[in-house]
Amino acid sequence: CVADEVQVGFGRMGSSFWGFQQQDVVPDIITMGKPFGNGMPLAAVVTTSEIADAFHNGLEYFNTFGGNPVVCAAGIAVLDFVESEGLQAHAARVGEYMRRRLRDLAAKHEIIGDVRGEGLFIGVDFVKDRVTRAPAAAECSVICSRLKDEFLILTSCDGPDENVLVVKPPMVFSEADVDETMDALGQVLETLGEIDENAARTPT
């Protein structure tokens with residue numbers, strides 16, 4: 001299998017360093033990207049010698065910036081920082097606190113159909129009805145836009161029906177940051193009102 005760790009890797013899941021470890025599998029290929037360089041353009045592919053040797057077939061692979069020592073140094077620094085600052089355990093602790101705050105909001109707002117995720121990778125499922133589970137895609141879009149416009153908080157809408165608000169903050173996100181974010185979300189939900197189903201959706 002191929003494990004894409006671009007979003008869930010490097011300790012973000014809290015209980016494991018890599019997302020694929022949640023599935024009890026040993027991938028044939030692992031891809032990783034953006035978090036590796038923490039803003040520097042760095043990505044990597046990890047695979048077995050057998051698979052790598054299969055690409056040794058005479059075709060040349062060329063990458064202008066491949067092996068750039070500056071970004072490689074940045075990647076090593078990121079790994080050192082994640083370990084020295086205990087960011088994996090931090091993600092587990094803060095993520096559990098955020099899910100608890102979200103469940104508190106769900107008790108007050110029936111539009112929240114589910115809260116799920118691991119560590120600092122969390123999804124909030126918005127529904128029109130908790131029994132039918134009809135997706136509230138337009139509402140999710142408005143909530144996402146208002147968090148950005150009114151509170152400068154960036155989230156995204158995802159899922160097959162675009163009704164899941166995805167929260168994946170920086171790994172250094174604190175409990176105080178969670179409180180600020182949840183207070184903002186609470187204000188948006190309190191004042192949501194009727195939503196135009198034909199309104200333009202928030203690009204993600």
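Leaving aside neighbours within four places in sequence, which residues is L147 in contact with? Keep that one in mind while you get your bearings; we'll select L147 a few stops from here.

**Stop 1: the whole chain**

What you have open is a predicted model. Show the protein chain as a cartoon and colour by secondary structure: there are six helices and seven strands. Walking from the N terminus, the order of elements is β-β-α-β-α-α-α-β-β-α-β-β-α. Along the principal axes, the C-alpha atoms fill a box of roughly 60 × 35 × 35 Å. Colour by accessibility next, and you'll find that buried residues account for 40% of the 204 residues. If you like contact maps, take the contacts between residues at least 6 apart in sequence: 61% of them join residues at least 24 apart.

**Stop 2: the largest nonpolar core**

Now select M98, L102, I112, F126, I143, L147 and L165 and show them as sticks. These are the residues with the most contacts inside the largest nonpolar core, which has 37 residues. To see where the core comes from, highlight α3, α4 (87-108), β4 (112-118), β5 (121-126), α5 (137-151), β7 and α6 (175-190), each of which supplies at least two residues. The largest share is from α4, with eight residues.

Time to go back to the opening question. Select L147 and show what surrounds it: beyond its neighbours within four places in sequence, L147 is in contact with L152, I153, T155, L165, A184, L185 and V188. Apart from this big core lies another one, of nine residues, with A3, W18, F20 and I30 among them.

**Stop 3: a cavity beside L147**

Keep L147 on screen and add T155, L165, V167, T181, M182 and L185. Together with L147, they line the largest cavity. Its volume is about 30 Å³, and a search of the whole structure finds one cavity of 30 Å³ or more. Which elements give two or more residues to this lining? They are β7 and α6, and α6 gives the most, with three residues. Colour the lining by residue type and you get five nonpolar, two polar and no charged.

**Stop 4: the largest pocket**

Turn on a surface and look for the largest pocket, with a volume of about 770 Å³. A good way to find it is to select R12, K168, P169, P170 and M171: of the 25 residues that line the pocket, these are the closest to its centre. Then colour α1 (34-37), α3 (69-84) and β7 (164-167), the elements that give two or more residues to the lining. Of the elements, α3 gives the most, with three residues. Note that β7 also appears in the list for the cavity lining. By type, the pocket lining divides into 16 nonpolar, six polar and three charged residues.

**Stop 5: the aromatic cluster**

Select F10, F17, W18 and F36, which form one aromatic cluster. The count for the model comes to four aromatic pairs. Start with F10 and F17, an edge-to-face pair at 6.1 Å centre to centre, with 70 degrees between the planes. Then swing round to F10 and W18: their ring centres are 5.0 Å apart and their planes are at 65 degrees, over the 60 degree cut-off, so this pair is edge-to-face too.

Buried or exposed: what about F10? F10 is at 4% relative accessibility, so it counts as buried. W18 is buried as well, and you have already met W18 in the nine-residue core. F17 has a relative accessible area of 24%, so it counts as partly exposed.

**Stop 6: two last residues**

Go to H109, in the loop between α4 and β4. H109 has 10% relative accessibility and therefore counts as buried. Leaving out its neighbours within four places in sequence, H109 is in contact with R130, G186, L189 and E190.

Finish at S84, in helix α3. With a relative accessible area of 54%, S84 is exposed. Draw a distance from the C-alpha of S84 to that of V188, and your viewer should show 37 Å, for two residues 104 apart along the chain. You met V188 earlier, as one of the contacts of L147.

Notes:
Residues numbered from 1 in each chain as written. Predicted model: local features only at pLDDT ≥ 70, side-chain atom pairs only at ≥ 80, totals over all residues. Heavy atoms only, no water. Phe/Tyr/Trp six-rings, centres within 6.5 Å; stacked < 30°, edge-to-face > 60°. Buried < 20%, exposed > 50% of the residue type's maximum accessible area, 1.4 Å probe, protein only. 1 Å grid on protein atoms, 1.4 Å probe; cavity = no way out; pocket = protein on both sides within 12 Å on 5 of 7 lines; lining within 4 Å. Points joined across faces, edges and corners; volume = space filled by probe spheres on them. Helix = DSSP H or I, 4+ residues; strand = E, 2+ residues; numbered from the N terminus. Nonpolar A, V, L, I, M, F, W, Y, C, P; charged D, E, K, R; others polar. Core = buried A, V, L, I, M, F, W, Y, C linked by side-chain atoms within 4.5 Å. Contact = heavy atoms within 4.5 Å.
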